[in-house]
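I opened this notebook to keep track of what I looked up, one topic at a time. Each entry explains its terms when they first come up.

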Amino acid sequence: MGTLFITVREALRYKGREGQWLWALHRISGLGILFYLIIHVYDMSLAYFNVPVHEEMIALFKTPLFSVLELALAALLIFHAVNGVRVAILDLRPEMWANQQKVTRISLIVTAILAAPTIVIMIIYTLNANFGPVASAVGR
Amino acid sequence: MSSTDSVATNNPQMARHIARNSIKPRNTFERVAWLFMRYSGLVLVFLALSHWGLQHVFNSVHDLTLQVTIDRWGAAGQVATIQIWFWRAYYAVLLGLAMIHGLNGLRQVLWDYFHYRPLYWGFMGLSTLLIVFVSVSGIAVLFLGVNAAAAGAAVIR
C-alpha cells in the first residue's frame with residue numbers, strides 16, 4: 001500500500017507532461033481491458049459449459065449500468081489501440097522522438113475521431129433498446 | 001573507428017546504419033517479450049477493433065442472442081461449415097494473442113509496483129492460473145460449439 005501511495009504521489013509530481021500521462025493511461029486502460037477480457041471469455045465459455053448462466057450474464061450486459069461501462073470500455077480500447085501503434089512506431093523509428101509532442105497530439109486526435117462516432121452509435125443503440133426507437137436513422 | 005565516428009556524426013543515415021548493424025541482440029526473455037508486445041499489438045489492433053466494430057457498432061449489442069453465437073461458432077454435435085471454421089480460427093487467434101498480450105502487460109505493471117517480491121509472485125501465479133483456465137475454456141467452447149440443447153426457450157428461429 002505504501003508503494004502504491006508513493007507511486008501515485010510521485011506520478012502527480014513528476015513533470016513528464018503528455019508522454020507521462022499517455023504512459024499512465026496506457027497502463028490503466030490495458031488493465032481495464034484485461035479485466036473485462038477475462039470476464040467476457042469466461043462468460044462466452046459458458047455457452048458450452050453452462051448455458052443458463054451464460055444467458056443470464058448476456059442479459060446482465062444489456063442493463064443500463066453495463067451499457068454505460070461499455071462506453072468507457074470503447075474509449076479505453078480505442079485509446080489503447082491507437083496509443084499502442086504510436087508506441088510501436090516510435091520504438092521502431094527513433095528519429096521521430098524529436099517530434100514527441102506532435103505525435104502525441106496526433107494519437108489523441110485519432111483516438112477522438114474513432115471514439116466519438118463509436119460512442120454516439122452505441123448510445124443510440126442503448127436508447128433504442130431501453131426507450132423504443134428514439135433515433136431511427138441508426139437503429140433498426 | 002575514428003573514421004566511422006566522424007562519418008556517423010556528419011550523416012544521420014549512416015549513424016542509424018552503424019547502430020543497427022553493430023549491435024547483435026541476444027534473444028533473452030525480455031527481448032522476446034518486448035518484440036511480442038509490438039507485433040501482437042499491431043495484429044490485435046485489427047482483430048480486436050474489427051471484433052468490437054462487429055459487436056457494438058455495426059450491430060447493436062442489445063440484439064445479441066444465443067442464436068447469433070450458434071450461427072458463428074456452430075452448435076455442439078453438428079458438422080461445422082467453412083464459415084464457422086473461419087470464425088473459430090479468427091476468435092482463437094484473437095483470444096490467444098489478447099490473453100498473452102494482457103498477461104505480459106500485467107507482469108510489467110505488477111513488477112513495477114509490487115516491490116515485496118513474494119507478493120508479486122503470488123499475484124502473478126494466481127493471475128496466470130486464472131488466465132490459462134479462462135483461455136482454455138474459451139478455446140474449448142469455440143471448437144466444441146454452443147451447447148444449444150441445454151438452452152431455454154430463448155432459442156427459436
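**Entry on the second largest pocket.** I began with the second largest pocket, which has a volume of about 740 Å³. A pocket here is an open set of points on a 1 Å grid over the protein atoms alone, with protein on both sides within 12 Å along at least five of seven lines, whereas a cavity is a set of points where a 1.4 Å probe fits but cannot get out; lining residues have an atom within 4 Å of a point. For a volume, grid points are joined across faces, edges and corners, and the space filled by probe spheres set on the points is taken. I noted the general idea as well: rolling a probe the size of a water molecule over the atoms shows where empty space is left.

Before going on I wrote down that this is a predicted model, in which local features need pLDDT of at least 70 and side-chain atom pairs count only at pLDDT 80 or more, while totals for chains, interfaces and linings use all residues. Residues are numbered from 1 along each chain as its sequence is written, chains are lettered from A and ligands numbered from 1 in the order in which they are written, and side-chain values use heavy atoms, with hydrogens and water left out.

Which residues lie nearest the centre of the second largest pocket? I found that 27 residues line this pocket, and that A:R27, A:I28, A:L31, B:V109 and B:Y113 lie nearest its centre. At least two lining residues come from each of α1 (2-13) and α2 (17-49) of chain A and α5 (82-113) and α6 (117-144) of chain B; helices (H or I, at least four residues) and strands (E, at least two) are DSSP runs, numbered from the N terminus. The most is given by α2(A), with 12 residues. By class I listed 21 nonpolar, four polar and two charged residues in this lining, where Ala, Val, Leu, Ile, Met, Phe, Trp, Tyr, Cys and Pro count as nonpolar, Asp, Glu, Lys and Arg as charged, and the others, Gly among them, as polar.

**Entry on the cavity.** I then looked for enclosed space and found one cavity of 30 Å³ or more. The largest cavity holds about 50 Å³ of space, and its lining consists of A:S67, A:E70, A:L71, A:M122, A:Y125, A:T126, B:H56, B:V61 and B:H62. The elements that give two or more residues to this lining are α4 (64-92) and α5 (100-131) of chain A. Its classes are four nonpolar, four polar and one charged.

**Entry on chain B.** I read six helices and zero strands in chain B. Of its 157 residues, 39% count as buried, a word that means under 20% relative accessible area, with exposed over 50% and partly exposed in between (1.4 Å probe, protein chains only). Among contacts between residues at least 6 apart in sequence, 70% join residues at least 24 apart, contact meaning heavy atoms within 4.5 Å.

**Entry on the rings.** How many aromatic pairs does a search of the whole structure find? It finds 13 over all chains, where rings of Phe, Tyr and Trp (its six-membered ring) pair if their centres lie within 6.5 Å, and planes under 30 degrees apart count as stacked, over 60 as edge-to-face and the rest as tilted. I checked B:Y90 and B:Y91, whose ring centres are 4.9 Å apart and whose planes stand at 90 degrees, so this pair is edge-to-face. B:Y90 counts as buried at 13% relative accessibility, and B:Y91 counts as buried at 8%. Ring pairs link both tyrosines with B:W73, B:F86 and B:W87 into a cluster.

I also looked for charges over rings, which requires NZ of Lys or CZ of Arg within 6 Å of the ring centre and within 35 degrees of the ring normal. The charged end of B:R88 sits over the ring of B:W85, 4.9 Å from its centre, and B:R117 lies over the face of B:Y120, at 5.8 Å from the ring centre.

**Entry on two leucines.** Is B:L47 buried or exposed? At 15% relative accessibility B:L47 counts as buried; this residue is in helix α3 of chain B, and, leaving aside neighbours within four places in sequence, is in contact with B:Y90, B:V93 and B:L94. B:L64 lies in the loop between α3 (29-57) and α4 of chain B and is buried, with a relative accessible area of 16%. With neighbours within four places again left aside, B:L64 is in contact with A:I58, A:K62, B:Q55 and B:T69.
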